[in-house]
Every structure is written in structure tokens, then in C-alpha cells.
Amino acid sequence: MEIKNIKNEFDLEPFFSLSHDYLCIAGYDGYFRKINPAFVKLMGYTQEELFANP
């Protein structure tokens, strides 16, 4: 049985970019890994600013 990478099996980009819900993925270090446009609008910062600080 071959173990597949979840990224190869599911493409979450359309889900993230089109959702009206506030979605983000953060690491244990406190930095955002992925955020969607609704989350950026809610926070009031640019995407670059959100990725730059924990």
C-alpha cells in the first residue's frame, strides 16, 4: 500500500480562496501558514503583514 501526500490528493486552494468563512492555518511557532481573503479583510492587515509576525 502506497502512502500518498495529502497535498497530492486534495487541492484546498479553491476552498480557501472562495470561502466566505474566516480560514487560517498557523504553525506551532505562531506564524500563519495559509490565510484566505476573508480572514485578511477581517483582520485589517495586508497578507504580508500577517505572515511577517507571529
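In which helix is Leu-42 found? In this predicted model, Leu-42 belongs to helix H3, which covers residues 37–43. With a relative accessible area of 46%, Leu-42 is partly exposed. Leu-42 also takes part in a nonpolar patch on the surface, together with Tyr-22, Met-43 and Tyr-45. Taken together, these four residues offer about 440 Å² of accessible area.

From the surface, we can turn to the interior. The largest nonpolar core is built from five residues, namely Phe-32, Ile-35, Phe-39, Val-40 and Leu-50. Strand E2 and helix H3 each supply at least two residues of this core. Helix H3 is therefore worth a second look, since Leu-42, a member of the surface patch, is found in H3 as well. Within the core, Phe-32 touches Phe-39 and Leu-50, and its contacts also include Cys-24, Ile-25, Ala-26 and Phe-51, leaving aside residues up to four places away in sequence.

Charged side chains come next. Side chains of opposite charge can pair when their charged atoms come close. The structure holds two salt bridges. In one of them, the side chains of Lys-34 and Glu-13 meet with an N to O distance of 2.6 Å. Lys-34 lies in strand E2 (residues 32–35) and Glu-13 in helix H2 (residues 13–18), so this pair ties together parts that are 21 residues apart in sequence. Both partners are partly exposed: the relative accessible area is 24% for Lys-34 and 40% for Glu-13.

The salt bridge between Arg-33 and Asp-29 has its closest N and O atoms 3.2 Å apart. Here, too, the partners are partly exposed, with relative accessible areas of 49% for Arg-33 and 43% for Asp-29.

A last stop is the loop between helix H2 and strand E1 (24–26), where Ser-19 is found. Is Ser-19 buried or exposed? Ser-19 is buried, because its relative accessible area of 15% falls under the 20% cut-off. A polar atom of the Ser-19 side chain lies 3.1 Å from the backbone nitrogen of Asp-21. Ser-19 also touches Asn-36 and Ala-38, not counting residues up to four places away in sequence.

How values were computed. Residues are numbered from 1 along each chain as its sequence is written. This is a predicted model: local features need pLDDT of at least 70, side-chain atom pairs count only at pLDDT 80 or more; totals for chains, interfaces and linings use all residues. Side-chain values use heavy atoms; hydrogens and water are left out. Patches are made of residues with over 30% relative accessible area and no salt bridge: like charges are joined within 9 Å, nonpolar side chains (Val, Leu, Ile, Met, Phe, Trp, Tyr) within 5 Å. Accessible areas come from the Shrake-Rupley method with a 1.4 Å probe; for residues, only the protein chains shown count as cover. Helices (H or I, at least four residues) and strands (E, at least two) are DSSP runs, numbered from the N terminus. Buried means under 20% relative accessible area, exposed over 50%, partly exposed in between (1.4 Å probe, protein chains only). A nonpolar core is a set of buried Ala, Val, Leu, Ile, Met, Phe, Trp, Tyr and Cys residues joined through side-chain atoms within 4.5 Å. Contact means heavy atoms within 4.5 Å. A polar contact is a pair of N or O atoms within 3.5 Å; within protein, one must be able to donate a hydrogen and the other to accept it, and residues adjacent in sequence count only if both atoms are side-chain atoms.
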